[in-house]
Amino acid sequence: MEYVNRNTIPFHVPGHKKGDGMDSKFKDFVGKNILSIDVTVFKLVDSLHHPTTSIKKAMELAADCYGSDMAFISVHGTSGAIQAMIMSVVKDGDKIIVPRNVHKSVTAGIILSGANPIFMQPEIDKNLGIAHGVTPETVEETLKMHPDAKAVLVINPTYYGVATDIKKIAEIVHSYDIPLIVDEAHGPHLGFNDRLPISAMDAGADMCSQSTHKIIGSMTQSSFLQVRGGRVDINRVQSMMSLLQTTSPLYPLMASLDVARMQIATKGKELLDYAIDLAEYTRNEINKIPGLYCFGKEILGQKGVYALDPTKITITAKGLGLTGYELDSMLADEYHIQLELSDLYNALAVGSFGDTKEKNDKLIEALWDISKRFYGKRPVKGEVLDIPSIPERKLSPREAYYANKRSVPINESAGLVSCEFLMSYPPGIPVLCPGEVITKEIIDYVQALKDTGLYVQGTEDPEVNYIKVVE
């Protein structure tokens, strides 16, 4: 703000010079305030790559807020933070233990580092057709089989708000004297209200990447990477963040991140009580609608379900004979209500303290309307489509990604080694990673996703009719 209040004359990039040189079509829409703080690196505004003043203070406050030793700012989103997190603890040839239902950014970090992933199977909910967390028992069994692993990564909570017993997992991992790193993309609000699952830092994790922009109000693409020293070299993390991030960070992103930290630190409990109460009201009302179901506390105690984030509202549409994708599309196209994601059976509404009862009631009313149109008119969807088994790996992800390739029709690729990903996005969980042998089960599953209208991606071919395989 000091830069703006001084009426500084800009002879620096960006070339729009506080918006004065920008076409009005964009400028009139966004306003000049945000453009006035879109600046380059100089002493007055500090440097993300060598912070000494305001950015350094923002990082220190964020670390204090979350109970870490250092909080790094990521302007490459949580994906960039996850890649840096992985590259800070493993190198070429090292083993890293990860759940299968990881976001594609985890696999990207493994490719960049050259590490070898050891996959753990998360617990699959056969009713909902989604993956929950990995259990402490699974982590312990995997470590016994791979005691030379250099790190363990877990997702906590999942996209759908399901948390595992991360405190117990941290104790198990630390008994091998290796770091536990956590994809906490969907948990930057944990730790600020005792009605929510425990946060990664409070549970004893060594690092966690947080999508501050997803839940607690910073701008999209801004995230934190929280680090605890000891098993992790903080200087190496700094080096990796500097290696991966742009040298021209967007200052409005960093400012919004700092303000979001301030808001959750000073008003978190009150704001989250409001968000949780509103989400629980919405869940209860949706569960009164014929053909729809929103899971809640009744699934606690299932394998991989240790705690729940109630602000995530997963709407299962099987009872209406609809896929999650169909429900999602109807809400968007006919009612102008946009949900976060959909899969074969569910659609996810993400709650936050930016919601209002009026908006949530519109969602409930729309779902009642859809129920009246479809309940009893279509056969109820029964057994869920099984997620394919983890295929055999022939090459490391890095070796396969950089291998000589050829393109083949995907329906003729069984038995070949993939150079590409196959995943439904969102949430971006791969059913096939580079270096793995393509199976008929995977081919059939991908076809089923495509037939349903879900967005399958990962291949160079945008239609996902062809896939690159190792020559």
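**Close-up views of a predicted model**

**View 1. Strands 2 and 3 pair in parallel.** Five bridges join strand 2 (residues 95-99) to strand 3. The two strands run parallel. Pro99 stands opposite Met120 in strand 3. The model shown here and in the other views is predicted.

**View 2. Helix 7 packs on the sheet.** Helix 7 spans residues 136-145. This helix touches strand 2, strand 3 and strand 6 (151-155). The direction of helix 7 makes about 140° with that of strand 3.

**View 3. Seven strands form an open sheet.** The strand order is 1-10-9-8-6-2-3, and the pairing is mixed. Strand 1 (70-74) and strand 3 (116-120) stand at the edges. Each has a single partner strand, so one side of each is left without a neighbour in the sheet. From one strand to the next, the twist averages 20°. Strands of a sheet pair through backbone hydrogen bonds, either parallel or antiparallel.

**View 4. The span of helix 14 agrees with its residue count.** Helix 14 covers residues 357-374, which makes 18 residues. At 1.5 Å a residue, these should span 26 Å. The end C-alpha atoms are 26 Å apart, so the two values agree. Gly376 follows helix 14 and has a positive phi, near 80°.

**View 5. Buried residues of helix 14 pack against two helices and two strands.** The buried residues are Asn360, Asp361, Leu363, Ile364, Ala366, Leu367, Ile370, Ser371 and Phe374. An α-helix has 3.6 residues a turn, so residues three or four places apart point the same way. The packing partners of the buried residues are helix 12 (251-286), strand 13 (312-316), helix 13 (324-335) and strand 15 (346-350).

Methods
Residues numbered from 1 in each chain as written. Predicted model: local features only at pLDDT ≥ 70, side-chain atom pairs only at ≥ 80, totals over all residues. Heavy atoms only, no water. Pairing = 2+ DSSP bridges. Helix = DSSP H or I, 4+ residues; strand = E, 2+ residues; numbered from the N terminus. Axes fitted to C-alpha atoms, helices over the stretch in contact; angles between N-to-C directions. Contact = heavy atoms within 4.5 Å. Expected span 1.5 Å × (residues − 1). Buried < 20%, exposed > 50% of the residue type's maximum accessible area, 1.4 Å probe, protein only.
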